[in-house]
Every structure is written in C-alpha cells, then in structure tokens.
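Let's take a look at how some helices in a protein model sit against each other, and then peek into a pocket. Keep the picture open while you read.

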Amino acid sequence: MELITSAIHEADSPLWTVRATAGRRLAKEAQAPEVREVLHRLLLDPDDTGVIHETAEALMQRGDAHGLRVVLTALARTQDLETADHLWAEISGDPRWSAENGADQLVEQLRELTSDEDAGVRNEAQSILLRRERP
C-alpha cells in the first residue's frame, strides 16, 4: 500500500519522467478504484505525451480487461485529438493483435467490455470490434 501511495503522490510531479514512472507503477494496480482515477488523469496528461504513452503501454501490457478498460475510459473521455491518437496507437499497436491467441484474447476482452457499466467504455469497445470486422 505504501508503494501505491508513493506512486499516487508522484503522479502530481512537475517532471514528466516522474509522472510516467508513476503511471507504469500504478498500472499494476489498475483494478483498484483509488488508482483508476489517477491513471485516468495520467492518460489525459495535458503537458506531455510521454506520460500518456508510458501509462497506456503499461496498462496494455497487463494483458487483461482491467488495463484495457482504463485505456478505453480515457479514450472515451478525451476531447484532445492528439491524446486520442496516442491512446488509439497503444490499443491498435498492442503486439497481441499479431498473435492468433493474443488477438482472440483481446477480442474476448472487448466483447466483455461491450456490456460495461460505463457507456464510454461500451462504445469504444464496440467501435474497435466493428473496425476489426470491416474488410
């Protein structure tokens, strides 16, 4: 718990490298409600895309629906096209798409998230699945 508290505090650092490291550390605890809000803030960092990239990459590397859900939530919330591009790049660039088992796992997670309680998550998951179905 002390490590989480420390990383949450570091997420407010003026240094982008410290915020990015905090995002990587907090991604490991993405299922915790108190951590998710901090992760959303880091994924929508207005000052440095390095923070967005490092945090989103760490969340996707988890390989589970918790990490994917946090990235989809940020994608649904962002009003900034550059941020949306960075978040989309992390989702679409996930190496699991290149492996049959990995792609199946991602599709299954996206299908699960199409019934999420958050409308933004549902919509983003459905949108990605629709893009995959198009020839």
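Start near the beginning of the chain, where helix H1 (residues 2-10) packs against helix H2 (residues 16-27) at an angle of about 145°, their axes 8 Å apart. Keep in mind that this is a predicted model. The crossing of this pair is left-handed.

Who touches whom here? On the H1 side you'll find Leu 3, Ile 4, Ser 6, Ala 7, Ile 8 and Glu 10, and they meet Val 18, Arg 19, Ala 22, Arg 25 and Leu 26 of H2. Sorted by class, that contact has seven nonpolar, one polar and three charged residues.

Two further helix pairs can be described in the same way, since packed helices are described by the angle between their axes and the distance between the axes. Here are the three pairs side by side:

| Helix pair | Angle between axes | Axis distance |
|---|---|---|
| H1 and H2 | about 145° | 8 Å |
| H5 and H6 | roughly 150° | within 9 Å |
| H7 and H8 | about 140° | 8 Å |

Now for H5 and H6. Their axes cross at roughly 150°, so these two helices are roughly antiparallel to each other. H5 passes H6 in a left-handed crossing. From H5 come Val 71, Leu 72, Ala 74 and Leu 75, which meet Ala 84, Leu 87, Trp 88 and Ile 91 in H6. What classes do the residues of this contact fall into? Eight are nonpolar, with no polar and no charged ones.

Next up are H7 (residues 100-113) and H8 (residues 119-133), which pack at about 140°, and they are therefore oblique to each other. This crossing is left-handed too. Ala 103, Val 107, Leu 110, Arg 111 and Leu 113 in H7 meet a set of H8 residues: Val 121, Arg 122, Ala 125, Ile 128, Leu 129 and Arg 132. By class, this contact has eight nonpolar, no polar and three charged residues.

Finally, the pocket. How much space lies in the largest pocket? About 150 Å³. Its lining is made up of Ala 30, Gln 31, Pro 33, Arg 36, Glu 37, His 40, His 66, Arg 69, Thr 73, Arg 77, Glu 117 and Asp 118. Helices H3 (33-43) and H5 (65-77) each supply at least two of the lining residues. Split by class, the lining has two nonpolar, four polar and six charged residues. So H5 turns up twice in this tour: it packs with H6, and it helps line the largest pocket.

Notes:
Residues numbered from 1 in each chain as written. Predicted model: local features only at pLDDT ≥ 70, side-chain atom pairs only at ≥ 80, totals over all residues. Heavy atoms only, no water. Axes fitted to C-alpha atoms, helices over the stretch in contact; angles between N-to-C directions. Helix = DSSP H or I, 4+ residues; strand = E, 2+ residues; numbered from the N terminus. Left-handed = near helix turned anticlockwise from the far one by under 90°. Contact = heavy atoms within 4.5 Å. Nonpolar A, V, L, I, M, F, W, Y, C, P; charged D, E, K, R; others polar. 1 Å grid on protein atoms, 1.4 Å probe; cavity = no way out; pocket = protein on both sides within 12 Å on 5 of 7 lines; lining within 4 Å. Points joined across faces, edges and corners; volume = space filled by probe spheres on them. Parallel < 35°, antiparallel > 145°, perpendicular 65-115°, else oblique.
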